[in-house]
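Please examine the sequence and the model below. The paragraphs that follow proceed from the overall architecture to individual side chains.

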Amino acid sequence: MSFGPKPWLQQSWDARAAANFMLGGTGAGLVVMTAVFGAGVLPLALGLVCVALGLTAVWLEIGRPLRAANVLRRPGRSWMARESYAAMALFAAGAVA
């Protein structure tokens with residue numbers, strides 16, 4: 001038995017999505033490794049810059065970039081909203097560190 005709409009696999013990924021995955025993962029890894037090993041300010045800053053560039057790629061991927069604030073309205077339904085809230089927490093923690 002199935003409920004709701006039938007999901008489908010995305011067939012193609014463009015450079016913006018790939019940049020988000022690569023830069024976001026690299027940046028998050030740098031931030032975590034800096035927190036675990038206390039590597040200093042430079043790797044932390046580089047990690048946050050990578051995450052910011054990945055988020056910029058996502059922002060360019062959405063259909064209407066000037067309506068990006070609308071993403072924050074429904075965190076329960078949008079992965080972009082959850083990603084945005086997680087990024088805000090990450091940047092706040094990075095600023096405190």
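Which pattern does the protein follow when read along the sequence? The pattern is α-α-α, and the protein accordingly has three helices and zero strands. The model is a predicted one, and every value discussed here is computed from it.

The overall dimensions come next. Taken along the principal axes, the box filled by the C-alpha atoms of the protein is roughly 50 × 35 × 25 Å. The protein has 97 residues, of which 20% count as buried. Its exposed surface amounts to about 7,200 Å², and 70% of that area is supplied by carbon and sulfur atoms. As for the contacts in the protein with a separation of 6 or more, 52% are accounted for by residues 24 or more positions apart.

Helix α1 offers a suitable place to turn from the whole to its parts. This helix spans residues 15-37, and Met22 lies within it. Is Met22 buried or exposed? Met22 has a relative accessible area of 54% and is exposed, because the threshold for that class is over 50%. Met22 can also be related to a residue elsewhere in the sequence: Met22 and Ile62 are separated by 40 residues in sequence, and their C-alpha atoms lie 18 Å apart in space.

Phe37 is likewise placed in helix α1. With a relative accessibility of 61%, Phe37 counts as exposed. Which residues form a nonpolar patch on the surface with Phe37? They are Val32, Met33 and Val36. Together with Phe37, these residues present about 420 Å² of accessible area.

Charged side chains remain to be considered. Side chains of opposite charge can pair when their charged atoms come close. How many salt bridges does the count come to? The count comes to one salt bridge. In that salt bridge, the side chains of Arg16 and Asp14 meet at a distance of 2.5 Å, N to O. The pair qualifies because the cut-off between a side-chain nitrogen of Arg and a carboxyl oxygen of Asp is 4 Å, and the N to O distance here is 2.5 Å.

The exposure of the two partners completes the description. Arg16 has a relative accessibility of 36% and counts as partly exposed. Asp14, with a relative accessible area of 29%, is also partly exposed. Both residues receive this label because partly exposed covers the range between under 20%, which is buried, and over 50%, which is exposed.

Note on methods:
Residues numbered from 1 in each chain as written. Predicted model: local features only at pLDDT ≥ 70, side-chain atom pairs only at ≥ 80, totals over all residues. Heavy atoms only, no water. Buried < 20%, exposed > 50% of the residue type's maximum accessible area, 1.4 Å probe, protein only. Helix = DSSP H or I, 4+ residues; strand = E, 2+ residues; numbered from the N terminus. Patch = residues over 30% accessible without salt bridge, like charges linked within 9 Å, V, L, I, M, F, W, Y side chains within 5 Å. Areas by Shrake-Rupley, 256 points an atom, 1.4 Å probe, with all protein chains shown as cover. Contact = heavy atoms within 4.5 Å.
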